[in-house]
Amino acid sequence: MAEETLQEKTEEPTPRRREEARKRGQVAKSREVAAVAVLSGSLLSLVMGGSYMLGQLFSLWRVFLGFPERGLDQRSAQGLLELAVKLGLKALLPLWAILLPVAFLSFYLQTGGLAAWETLVPKAERIDPIKGFKRLFSLPSLVELLKSVLKLLLISYVAYLVVDSEKERVLLLARAEVPELGRVLFVLARNLFFKTLLALAVLAILDFLFQRWETERQLRMTKEELKEELKQTEGDPWVKSKIRQIQRAMAQKRMMAEVPKADVVITNPVHYAVALKYELKEMPAPQVLAKGKGHLAQRIKEIAEEAGVPVVENPPLAQALYRDVEVGGFIPQELYQAVAEVLAYVYRLKGKVN
């Protein structure tokens, strides 16, 4: 049943669904990207501050080696502990100075600085053993297992390659002095970090692409979900249709009320009807008060005849006026001559003076 429901989710998620998912913390984010970012920061800190860190560690080593053999009392032990903490923190300072910004940048680039507080609210479904058991065998869980195995194999293989390339120097470490030991271990760590980073970067890219695909798959909607959301955000289509119908009816009613004020109604004679009015001193050109075709055209003619407005048949002019001029608009210049002839005819019928 769940599979069928999933197969029905063929619609792209709406902006509202994406926003709601974002509030829940459901965005594409990869742990592997964060891991690569931390490794990159660690490598960068080793490259930029490795000498400083190594110097602080040597200082700490010399403190312990140079301590008198007669033992520790409470006061000297406290002083040794304070010095060890101080040197240790100083040694780690470059590491934290780079790791913290890198970790934050990795989080921000993936989530846009999302703070999903809803994920902190306790929910019963999270402790439901049945749902928890289902999650163990879900696609994301299987992918996480596969990633863990791949990471273990990658890191093991890279470590083997690094140690194998430096095996001659490693074999000599048993007779090496402390500074030389530190330098060799530093080179090994740096090489291991760099090569592991390259291997995991490929895995991180693939994982991030998978997380994007998985998030999109989960956010997809069924046709019914899409219809329901459209009803909530834009209103019921039936109600909107009714509103538009009422608005059209009111607009037509207002337009019909203007027909008796027209000077002339020009018709097709059956299909189109356009009511015109012209006030020489008040209007730049004749104005269309109403227009319609079919049943609406017949109604305009009936109202005009009842009000005593002349109805003139001129099919080409009626079609041009209906096509080119909106209700309330003035006629274009190319129709001046044709409309002037009709108005002149009407004025003669009414006995008006030009």
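**View 1. R169 sits in helix 7 of this predicted model.** Helix 7 covers residues 167-171, and R169 is found within that run. R169 is partly exposed, since its relative accessible area is 37%, a value that lies between the 20% under which a residue counts as buried and the 50% over which a residue counts as exposed.

**View 2. The surroundings of R169 include E180, V184 and V187.** When residues up to four places away in sequence are left out of the count, R169 touches E180, V184 and V187. The view may also take in L181, which is 12 residues from R169 along the chain and whose C-alpha atom is separated from that of R169 by 9.8 Å.

**View 3. Q287 belongs to strand 3 and is buried.** Strand 3 spans residues 287-293, and Q287 is part of that strand. Q287 has a relative accessible area of 17%, and it is called buried because this value falls under the 20% cut-off. Leaving aside residues up to four places away in sequence, Q287 touches A275, L276 and K277, and it also touches G328, G329 and F330.

**View 4. Residues 33-54 and 192-210 are two of the spans that UniProt lists as a "transmembrane region".** The UniProt entry, which is unreviewed, places this feature at residues 33-54, 95-121 and 192-210. In the model, residues 33-54 are 100% helix and 0% strand, with end C-alpha atoms 28 Å apart. Residues 192-210 are likewise 100% helix and 0% strand, and the C-alpha atoms at the ends of this span lie 27 Å apart.

Conventions. Residues are numbered from 1 along each chain as its sequence is written. This is a predicted model: local features need pLDDT of at least 70, side-chain atom pairs count only at pLDDT 80 or more; totals for chains, interfaces and linings use all residues. Side-chain values use heavy atoms; hydrogens and water are left out. UniProt positions are given in the numbering used here, feature names are shortened, and annotations may be inferred rather than shown by experiment. Helices (H or I, at least four residues) and strands (E, at least two) are DSSP runs, numbered from the N terminus. Buried means under 20% relative accessible area, exposed over 50%, partly exposed in between (1.4 Å probe, protein chains only). Contact means heavy atoms within 4.5 Å.
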